[in-house]
Each structure stands twice: as structure tokens, then as C-alpha cells.
Amino acid sequence: DAKTYEEAKTNYQQALNLKPAEKYPQDRIARIDVLLADIAKQKALDDQYSSVIAGADQLLAAKEYDNAKTKYTEALGLKPAETYPKTKIAEIDAALQAIAQQKSQDEQYQGVIAAADQLFGEKSYDQAKAKYQSALTLKPAEEYPKTRIAEIDRIVAEALAQQKALDDQYNTLIAGADKLFDAKTYEEAKTNYQQALNL
């Protein structure tokens with residue numbers, strides 16, 4: 001009853017030696033043999049389970065997710081009621097899903113950056129800037145799109161400044177040409193108009 005089966009078996013054996021014909025000690029010895037065999041099987045199963053779990057844990061630590069999942073599944077086959085392998089399989093599934101999402105996001109980001117770079121090369125700055133901003137929504141921490149947006153802003157600001165200077169120079173020439181035209185100094189007016197046209 002205390003489950004010290006080896007000692008009990010020895011005592012039953014001694015009792016059987018005293019009365020070899022008694023059935024009770026024989027039945028108890030047979031029952032103990034079955035229990036000891038079950039204990040040995042359970043110990044072997046526990047040892048195998050522990051070994052498989054240890055291997056799975058090492059694979060998981062090394063981020064070999066597919067192999068680790070296989071091992072945890074093997075452990076579940078040995079002991080279906082255990083929650084530890086189920087928990088680890090769920091963790092692996094979540095990690096694999098996160099990896100797949102990250103890969104998809106990386107591919108999408110690279111596609112947007114490639115399109116933005118092409119537009120930048122074609123000097124379609126407004127469209128390129130929109131693409132770089134779209135890339136930043138995918139990966140806000142990336143520096144490359146921020147750098148390109150700043151470069152576009154600088155290029156556009158310089159172009160606007162140049163355009164304003166050109167417009168101011170043009171307007172000055174046209175105003176001067178109009179005065180000369182009104183004063184009927186046509187040759188000088190024509191020269192100013194020609195310079196404005198060249199601008």
C-alpha cells in the first residue's frame with residue numbers, strides 16, 4: 001500500500017517460501033511485477049519525453065522554428081495531455097506568422113522604394129515624394145525615405161527660387177519693353193521683348 005513494491009515483493013516471496021501453495025502471495029507478486037513493468041514503461045516514456053522536449057527547446061532557442069515544432073509535436077505524441085508542447089507550438093506559429101508578415105512588409109517596402117527611386121530618377125518629384133511617404137508608413141524608422149524626401153524638398157525649393165528669380169527678371173524686362181513700346185522706341189522695345197522671350 002505504501003508503493004514500496006520491491007520490498008513488498010521480497011516479503012511476499014518470503015511468505016511464499018514458508019507456504020508455497022498459498023495463492024495470495026503469488027497474486028500479489030504477479031500484481032507487483034505488472035506495476036513495476038508499468039513504472040518502468042512510464043519512466044522510459046518520461047525520459048524519452050524529457051529528451052525530446054530538451055531537443056525542441058534547444059532548436060527553439062536557435063530559432064529553428066520548423067524543426068522545433070516537429071519536436072514539440074513528437075513530444076505531444078508521447079504525452080498528449082501535456083500543455084507545455086502545445087504552448088510552445090502556439091509560440092512558434094505566432095513567430096512564423098510574424099516572420100511571414102515581416103517578409104511581406106519588407107517586399108512591399110522594397111517595391112514602393114523601387115518605384116519611388118524610378119520616379120525620382122525621372123524627376124517626377126511630387127509622385128516620388130508621395131511614394132517615399134508611403135514607404136515611411138510601412139517602415140517609419142527607415143532613414144532612406146526620409147533622406148530622399150528632404151532631398152526632394154530641397155530640389156523643389158531651389159527650383160521654385162530659380163523660377164521666382166526668372167519670373168522677376170522676365171516681368172522687369174516686359175515692363176521695360178512695354179514702356180519703350182509706349183514711348184515708340186520700337187527697336188529697344190523689340191530687344192527687351194526678345195530678351196524676355198529668351199527667358
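**Exercise 1. Overall form**

Task: Compare the radius of gyration of the protein with that of a compact globule of 199 residues.

Solution. For a compact globule of 199 residues, a radius of gyration near 16 Å would be expected, whereas the protein has 43 Å. The model under study is a predicted one. As a next step, consider the box filled by the C-alpha atoms: along the principal axes, its dimensions are roughly 150 × 20 × 20 Å. A single pair of residues may be added to this picture. Tyr 12 and Ser 104 are 92 residues apart along the chain, and their C-alpha atoms are separated by 70 Å.

**Exercise 2. Secondary structure and surface**

Task: State how many helices and strands the protein has, and describe its surface and charges.

Solution. The protein has seven helices and zero strands. Read from the N terminus, the order of elements is accordingly α-α-α-α-α-α-α. Turning to burial, 24% of the 199 residues are buried. The accessible surface amounts to about 13,800 Å², and carbon and sulfur atoms account for 54% of that area. As to charge, there are 26 positive and 32 negative side chains, with the centres of the two sets 5 Å apart. Finally, contacts between residues at least 6 apart in sequence may be examined: 41% of these join residues at least 24 apart.

**Exercise 3. Two lysines**

Task: Determine whether Lys 79 is buried or exposed, do likewise for Lys 88, and list the residues that each touches.

Solution. Begin with location. Lys 79 is placed in the loop between α3 (65–78) and α4 (84–121), while Lys 88 belongs to helix α4. Next, apply the cut-off for burial, which is under 20% relative accessible area. Lys 79 has a relative accessibility of 17% and therefore counts as buried. Lys 88, at 16%, also counts as buried. Last, identify the partners, leaving aside residues up to four places away in sequence. Lys 79 touches Gln 42, Leu 45, Asp 46 and Tyr 49. The partners of Lys 88 are Leu 60 and Tyr 72.

**Exercise 4. Aromatic pairs**

Task: Classify the pair formed by the rings of Tyr 72 and Tyr 84, and explain which parts of the chain the pair ties together.

Solution. A search of the whole structure yields five aromatic pairs. In one of them, the ring centres of Tyr 72 and Tyr 84 are 6.2 Å apart and the planes stand at 70°, so the pair is edge-to-face. Because Tyr 72 lies in helix α3 and Tyr 84 in helix α4, the pair ties together parts that are twelve residues apart in sequence. The accessibility of each partner follows: Tyr 72, at 0%, counts as buried, whereas Tyr 84, at 33%, counts as partly exposed.

Phe 181 and Tyr 186 also form an edge-to-face pair, with 5.5 Å from centre to centre and 65° between the planes. Phe 181 is partly exposed, with a relative accessible area of 44%, and Tyr 186 is likewise partly exposed, at 47%.

**Exercise 5. The surroundings of Tyr 12**

Task: Locate Tyr 12 and name the residues it touches.

Solution. Tyr 12 is part of helix α1, which spans residues 5–18. Its relative accessible area is 21%, so Tyr 12 is partly exposed. With residues up to four places away in sequence not counted, Tyr 12 touches Tyr 24, Pro 25, Arg 28, Ile 29 and Ile 32.

Conventions
Residues are numbered from 1 along each chain as its sequence is written. This is a predicted model: local features need pLDDT of at least 70, side-chain atom pairs count only at pLDDT 80 or more; totals for chains, interfaces and linings use all residues. Side-chain values use heavy atoms; hydrogens and water are left out. Helices (H or I, at least four residues) and strands (E, at least two) are DSSP runs, numbered from the N terminus. The radius of gyration is taken over C-alpha atoms; the globule rule is 2.2 Å times the number of residues to the power 0.38. Buried means under 20% relative accessible area, exposed over 50%, partly exposed in between (1.4 Å probe, protein chains only). Contact means heavy atoms within 4.5 Å. Accessible areas come from the Shrake-Rupley method with a 1.4 Å probe; for residues, only the protein chains shown count as cover. Lys and Arg count as positive and Asp and Glu as negative; His and the chain ends are not counted. The place of a charge is taken as NZ of Lys, CZ of Arg, CG of Asp or CD of Glu. Rings of Phe, Tyr and Trp (its six-membered ring) pair if their centres lie within 6.5 Å; planes under 30 degrees apart count as stacked, over 60 as edge-to-face and the rest as tilted.
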